Amino acid sequence: MPPQDFKCKQCGNCCLNLSGAFDVCVSGEDIQVWRDNFRFDILEWVDAIHFGEVQYVYVIWINPRSGEDVTRCPWIRKLPKQDKYICR
């Protein structure tokens, strides 16, 4: 997740270029919020990796069909006739 002081400029750079040398991870709290809000559309893109005895690392943007990392966020959309992007 982005730092707390992150301000989105709607440029798309973060969400269009997910391929890189690192995995995008979210916290267990994020997972719980999505569960509590029935956001199974998001949760299907999460891979829970068992780490330690009772801990997990939650890697996001794993294609639920192929199991492969995706190169761009599945929810990003370009605004018509603009160089701006939004999260669907």
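D83 sits out in the open in this predicted model, with a relative accessible area of 69%, so it counts as exposed. Its partner is K78: the two form a salt bridge in which the closest N and O atoms lie 3.7 Å apart. K78 itself is partly exposed, at a relative accessible area of 42%. Side chains of opposite charge can pair when their charged atoms come close. The cut-off for calling such a pair a salt bridge is 4 Å, and the 3.7 Å between D83 and K78 falls within 4 Å, so the pair makes the list.

A search of the whole structure turns up two salt bridges. Besides the pair just described, D41 teams up with R39, and here the closest N and O atoms are 2.7 Å apart. D41 counts as partly exposed because its relative accessibility is 31%. R39 is partly exposed too, with a relative accessible area of 33%.

Stepping back to the overall layout, the secondary structure of the protein amounts to three helices and five strands. Read from the N terminus, the elements come in the order α-β-α-α-β-β-β-β. The C-alpha atoms fit in a box of roughly 50 × 30 × 25 Å along the principal axes. The protein has 88 residues, and buried ones make up 23% of them. Its accessible surface is about 7,000 Å², with 53% of that belonging to carbon and sulfur atoms. As for contacts between residues at least 6 apart in sequence, 44% of them join residues at least 24 apart.

Next come the strands. Strand β1 covers residues 25-26 and is joined to β3 by two bridges, with the two strands running antiparallel. In this pairing, V26 stands opposite Y58 of β3. On top of that, β3 pairs with β2, again in the antiparallel sense, over six bridges. F51 stands opposite Q55 in β3. The strands β2 and β3 make a hairpin with three residues between them, and G52, which lies in the turn, has a positive phi of about 85°.

I49 gives a closer look at this hairpin. It is found in strand β2, which spans residues 46-51. With a relative accessible area of 40%, I49 is partly exposed. Setting aside residues up to four places away in sequence, I49 touches Q55, Y56, V57 and V59. Take V59 from that list: I49 and V59 are ten residues apart in sequence, and their C-alpha atoms are 7.5 Å apart in space. In a regular strand, side chains alternate between the two faces of the sheet.

That leaves the inside of the protein. The largest nonpolar core holds 16 residues, and the members that touch the most others are I31, W34 and W61. The elements giving two or more residues to this core are α2 (28-36), α3 (40-43) and β3 (55-60). Once neighbours within four places in sequence are left out, I31 is in contact with V26, L43, V46 and Y58. Two of these contacts of I31, V26 and Y58, are already familiar, as V26 stands opposite Y58 in the pairing with β3.

Definitions and conventions: Residues numbered from 1 in each chain as written. Predicted model: local features only at pLDDT ≥ 70, side-chain atom pairs only at ≥ 80, totals over all residues. Heavy atoms only, no water. Salt bridge = Lys/Arg side-chain N within 4 Å of Asp/Glu carboxyl O. Buried < 20%, exposed > 50% of the residue type's maximum accessible area, 1.4 Å probe, protein only. Helix = DSSP H or I, 4+ residues; strand = E, 2+ residues; numbered from the N terminus. Contact = heavy atoms within 4.5 Å. Core = buried A, V, L, I, M, F, W, Y, C linked by side-chain atoms within 4.5 Å. Pairing = 2+ DSSP bridges. Areas by Shrake-Rupley, 256 points an atom, 1.4 Å probe, with all protein chains shown as cover.
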